[in-house]
Amino acid sequence: MSPDTATGRGLSPETLAITLGYSPAQAFGAAKPPAVLTSTFAYQSAQHAKDVHEAFFRGTGPAVGASDAYIYTRLGHPNLTMVEARLAALDGGEASAVFCSGMAAITTTLLALVRPGDVVLCSRPCYGGTDGYLTTVLPDLGVTTIGLSDGWDAANIRAAVVEAMAAGPLRVIHLESPANPTAAIVDIAAVARIAAELAVVQGFKPIVVVDNTFLGPLLQSPLALGADLCMTSLTKYCGGHSDLMAGGVTGSADLVARLKALRTLSGNHLDPFSAWLLLRSFETLALRTDRACSNALAVATFLRDHPKVAAVTYLGFIAGDARTVFDRQCRGTGSTFSFHLKGGEAEAFRMLDALRLLRLAVSLGGSETLICNPATTTHYQTPPDRREAGGIWPGTCRVSVGLESPADLIADLSQALERA
Ligand SMILES: Cc1ncc(COP(=O)(O)O)c(C=O)c1O
């Protein structure tokens, strides 16, 4: 079968990341998509205005490449359509909704799905912002969050589900796998199977949402593992240069339509220029992913063997049952992980302040290597008991390995560790 460049059928992810969502016939034959920097779109006539509104609110437009179907940029715009088509294809989803940040994607998804009295089950550890939203914002709306630790084990998943259902109707299961900052993994397929069983018990199935930020679409496909929605902070590996913010959710057309309806009313869509940048970034995702993964292996191996490092949580080193889950659900080891320094905050701060090449900053997935102390930065707001239960200690440092020479990165870490 010859590949279909319009739908992407028959094309590999590396090719989809470069071609899907734009054709030169859409814009003056331009080989590359233009950035359509406008906030509004002119109608051809009053009847046309009525028709496009009808199509939009009935959920039938705008279609990819339908240049006459746009209304107002908050409702949708050409660069958003292009980036959504590409992300959906890469994740293997029917549709996608792209937002102005990962947190906008997460919070809009939760708000679209939960109602007062509902329960959310959330794997731990998870990104501090997600944890904060689930434990400080949603409780004010009458929604309870129950935590799931060591979610690679089916017995732990079942126990957490029982606890969650005792607290009320279990509406959403939010998984972050691999998790920020330790790269802990959750058995996504096992959770999806258990969620399907709950449809009979509860009368409805909890929606399984997976935050795929740590690996991204090329290294893990949560939808193929049974998740209903796949969420990715596109600010990270997909954006890839630490110069834009975006978040995407993929899944069935029905579920994604619910998110888009709320996005239109919340105004947290992705703007045209960021969508254009992101579309361009997708083109090098495969190359960047390969290089970041091989660099991370070299850095993690160096750290594991260093006398001042107590442990490294790099995915390539996991063993036992968690390893079996990893082998089944991930296609690569990623480039963000944590290491625990012997000692605590003082040792970590001395090392961080001695670094010359690695940048001391939060975030991950950029071309440059970033490092931070999660307990005092990304997970500052997570209470110490929850942090420590998730494996985040005062001496824990998270590193996002970039695309530099691994020898230079190791030399910098080596000299900085002398000061720890
Ligand atoms: C795993 C994970 N999910 C979600 C987010 C939120 O994404 P954003 O910063 O794009 O809002 C982050 C940010 O670091 C993250 O690490």
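Proline 125 sits in the loop between β2 (119-124) and α5, where helices are DSSP runs of H or I with at least four residues, strands are E runs of at least two, and both are numbered from the N terminus. A cis peptide bond joins arginine 124 to this proline, with omega about 5°.

Before going on, a word on the source: this is a predicted model, so local features need pLDDT of at least 70, side-chain atom pairs count only at pLDDT 80 or more, and totals for chains, interfaces and linings use all residues. Residues are numbered from 1 along each chain as its sequence is written.

Another cis bond links asparagine 180 and proline 181, again with omega about 5°. Proline 181 is in the loop between β4 (170-176) and α7, and alanine 183 is in the loop between β4 and α7 too. Here are two residues with positive phi, neither of them a glycine:

| Residue | Phi | Loop |
|---|---|---|
| Alanine 183 | near 65° | between β4 and α7 |
| Serine 363 | about 90° | between β10 (359-360) and β11 (370-372) |

Are these two buried or partly exposed? Alanine 183 is buried, with 26 other C-beta atoms within 10 Å, while serine 363 is partly exposed, with 18. The cut-offs are 20 or more other C-beta atoms within 10 Å for buried, 12 or fewer for exposed, and partly exposed in between, with C-beta atoms placed from the backbone.

Now the domains. The protein splits into domain 1 (102-234) and domain 2 (285-417), with bounds from an automatic or database domain assignment. Their C-alpha centres lie 24 Å apart. The contact takes 25 residues from domain 1 and 31 from domain 2, counting two residues as touching if their C-beta atoms, placed from the backbone, lie within 7 Å. On the domain 1 side, the elements giving two or more residues are α5 (128-137) and α7 (188-202), and α5 has the largest share, three residues.

Helix α14 (residues 406-417) has twelve residues and reaches 16 Å from its first C-alpha to its last, close to the expected 16 Å; that expected span is 1.5 Å times one less than the number of residues. Its buried residues are Leu409, Leu413 and Leu417. Seen down the axis of α14, they fall within an arc of 65°, so they line one face of the helix; the arc is that of the directions from the helix axis to the C-beta atoms. The face turned away from the buried side carries the exposed Ala407 and Ser414. What covers the buried residues of α14 includes α10 (285-304) and α12 (345-354).
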